[in-house]
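Me: I would like to go through this structure in questions and answers. Please keep each reply short and end it on the value or name asked for.

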Amino acid sequence: MAVDLLLGLQWGDEGKGKIVDVLTSSYDIIARFQGGPNAGHTLEFEGNKHVLHTIPSGIFHPKAINLIGNGVVIDPVIFMKEIEDLSPYSIDFNNKLLVSKKAHLILPTHRLLDAASEASKGKAKIGSTLKGIGPTYMDKTGRNGIRVGDILSPNWEEKYRVLTQKHLDLLKSYDTKIDFNLNDLEEPFFKSIAALRKFELVDSEQFLIEAQKEGKKILAEGAQGSLLDIDFGTYPFVTSSTTTAAGACTGLGVAPNQIKEVFGIFKAYATRVGSGPFPTELFDETGEQMAKTGNEFGSTTGRARRCGWIDLVALKYSIDINGVTQLMMMKGDVLSGFDTIKVCIAYDTEQGRMNYLPYDIASQQITPVYEELPGWEEDLTAMTQADQFPESFKKYISYLEKVLEIPIKIVSVGPDRKQTIFR
Ligand code: GDP
Ligand code: IMO
Ligand code: MG
């Protein structure tokens, strides 16, 4: 078994990018399997801070090959901007970055449709990143999409025109009108398509089949988080892809029996950006302190992230759905300075007390049931070994391990690559 999986267990932004970067030295291939530029994966090392949207988080390592899988949706304009932003690092993209021919393209009109759909929903909007994710996956499952491999064919522009016209007609059906000038959008789009054509566009599943035969070690990198999964997330306030473990099979062409470790990443508290239910959300000074200390602003949109206590009901659900074998806890340092730390262990709902996510979580009032643990004052950010942790933080970790029944193998105490403690 050659493939390990890394994914977020909450509502995204758990710190996936940081941990993929930390783990990359142990892998030959890092492969993104779903999502698109709605993702923002932050890496910090040697005084650099870098946010990746489409490109896998192993790109800064000298050897690993980074693959953008078939399950990803690519906006060529954002992709080329990412490439440009990486120019100071002299990365050999020809040898280190592969793009699946089966990945779908986000067209300028997909973004317009995203905006129109959101505007038409008013207060009920999803809070999408407006990157065109939903409409692009809709065209994929509707069998109308344009794939990266299509741009190698001479008549691809005809296909583009047909789909774009369809989108323009659809836009007219929305009451809310979106202002745009198609020419202004198409100019950078076609320029970026021409640039994308020069990258290594591959039959990615075939590449991975060969790699597995050769015994290469592969790490599949997820985007978003399990509670944003199209099936198992807090529907309809979700993204449009399978963010859970199964998404790695369909998004890369990896067989389930080839998956070994499933690394589940979670924050020591909880955050959510965009709309949708968030049972443990805090609207008080405690939430504000988490947001301030944790610098909780979206890596892609800059929007303030909503903050709250950790939700073990939701976390246990994510662990079960994904078959998590190892946990990684991020941002423990942000919780320093609270007298008590609260942990949600059940929900009080209209149907009574529940210890799993109700079907209609988005449409009813849920009151979290908390247990309280002692807090700690010490700053964790300079600590390098788990035995330096204050007793209360150690207790927090062992409490979580007992309830979640999975070992926490990595504890992250700051954004830098070096602020990572293995247990
Ligand atoms: P991703 O989307 O899962 O890769 O996560 P993001 O990059 O969107 O958000 C995580 C944020 O937390 C980034 O700004 C990281 O630099 C930062 N971060 C990651 N781990 C830690 C940590 O242990 N402590 C603190 N304070 N910040 C962290
Ligand atoms: P990473 O990979 C956090 C959220 C959006 C919105 C919902 C749907 O950085 O963890 P979409 O644009 O996908 O149609 O938006 O999903 N969302 C994310 N939240 N982290 C992300 O990615 C997200 N990608 C999408 O805020 O609520
Ligand atoms: Mg992010």
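Me: Is aspartate 13 buried, partly exposed or exposed?
Reply: The model is a predicted one, and the accessibility is computed from it. Buried requires under 20% relative accessible area and exposed over 50%. Aspartate 13 has 21% relative accessibility, so the class is partly exposed.

Me: Where is aspartate 13 found, and what is its phi?
Reply: Aspartate 13 is found in the loop between β1 and α1. Most residues other than glycine have a negative phi. Aspartate 13 is not a glycine, yet its phi is positive, at about 60 degrees.

Me: Which protein donors does the magnesium ion, ligand 3, have?
Reply: The protein donors lie 2.0 to 2.2 Å from the ion. One is an OD atom and the other an O atom. They belong to Asp13 and Gly40.

Me: How many residues apart in sequence are the parts that aspartate 13 and glycine 40 tie together?
Reply: The magnesium ion has Asp13 and Gly40 as its protein donors. Aspartate 13 is in the loop between β1 (3-8) and α1 (16-23), while glycine 40 is in the loop between β2 (29-32) and β3 (41-45), so the pair joins parts whose separation in sequence is 27 residues.

Me: Is glycine 40 buried or exposed?
Reply: The limit for buried is under 20% relative accessible area. Glycine 40 has 11% relative accessibility, so it counts as buried.

Me: Which residues are the closest to ligand 2?
Reply: Ligand 2 is surrounded by 21 residues. By class, this shell has eight nonpolar, ten polar and three charged residues. The closest are Asp13, Lys16, His41, Thr129 and Thr239.

Me: What percentage of the accessible area of ligand 2 does the protein cover?
Reply: A backbone N or O atom of aspartate 13 is 2.8 Å from an oxygen atom of ligand 2. Lysine 16 places a polar side-chain atom 2.7 Å from a ligand 2 oxygen, and a polar side-chain atom of histidine 41 is also 2.7 Å from an oxygen atom of ligand 2. On its own, ligand 2 has 550 Å² of accessible area, and the part covered by the protein is 97%.

Me: Which residues are the closest to ligand 1?
Reply: The surroundings of ligand 1 consist of 20 residues. The closest among them are Lys16, Thr42, Ser299, Asp333 and Ser412.

Me: What percentage of the accessible area of ligand 1 does the protein cover?
Reply: A polar side-chain atom of aspartate 13 is 2.9 Å from an oxygen atom of ligand 1, and a polar backbone atom of glycine 40 is 2.8 Å from a ligand 1 oxygen. For a nitrogen atom of ligand 1, a polar side-chain atom of aspartate 333 lies at 2.8 Å. Of the 580 Å² of accessible area that ligand 1 has on its own, the protein covers 94%.

Me: Which residues does histidine 167 touch, not counting residues up to four places away in sequence?
Reply: Histidine 167 is in helix α6 (residues 156-172). Its relative accessible area is 3%, so histidine 167 is buried. Its contacts are Leu107, Thr109, His110, Leu113 and Asp139.

Me: What covers the buried residues of α5?
Reply: Helix α5 (residues 133-141) has Ile133, Gly134, Pro135, Thr136, Tyr137 and Asp139 as its buried residues. Asp139 is also one of the contacts of histidine 167. The cover includes β6 (73-74), β8 (104-105), α4 (108-121) and α6.

Me: What is the phi of serine 90?
Reply: Serine 90 is in the loop between α2 (76-85) and α3 (93-96). At 67% relative accessibility, serine 90 counts as exposed. Its phi is positive although the residue is other than glycine, with a value near 45 degrees.

Me: What is the omega of the peptide bond from tyrosine 235 to proline 236?
Reply: Proline 236 is in the loop between β10 (218-221) and α9 (246-252). Most peptide bonds are trans. The bond from tyrosine 235 to proline 236 is cis, with omega near 5 degrees.

Me: How far apart in space are threonine 176 and serine 398?
Reply: Threonine 176 is in the loop between α6 and α7 (182-196). Its relative accessible area is 29%, so threonine 176 is partly exposed. Threonine 176 and serine 398 are 222 residues apart in sequence, and their C-alpha to C-alpha distance is 52 Å.

Definitions and conventions:
Residues are numbered from 1 along each chain as its sequence is written. Chains are lettered from A and ligands numbered from 1 in the order in which they are written. This is a predicted model: local features need pLDDT of at least 70, side-chain atom pairs count only at pLDDT 80 or more; totals for chains, interfaces and linings use all residues. Side-chain values use heavy atoms; hydrogens and water are left out. A residue is near a molecule or strand if one of its heavy atoms lies within 4 Å of it. A polar contact is a pair of N or O atoms within 3.5 Å; within protein, one must be able to donate a hydrogen and the other to accept it, and residues adjacent in sequence count only if both atoms are side-chain atoms. Accessible areas come from the Shrake-Rupley method with a 1.4 Å probe; for residues, only the protein chains shown count as cover. Ala, Val, Leu, Ile, Met, Phe, Trp, Tyr, Cys and Pro count as nonpolar, Asp, Glu, Lys and Arg as charged, and the others, Gly among them, as polar. Donors are N, O and S atoms within 2.8 Å of the metal (3.2 Å for Na, K and Ca); water is not among the atoms, so sites may look incomplete. Helices (H or I, at least four residues) and strands (E, at least two) are DSSP runs, numbered from the N terminus. Buried means under 20% relative accessible area, exposed over 50%, partly exposed in between (1.4 Å probe, protein chains only). Contact means heavy atoms within 4.5 Å.
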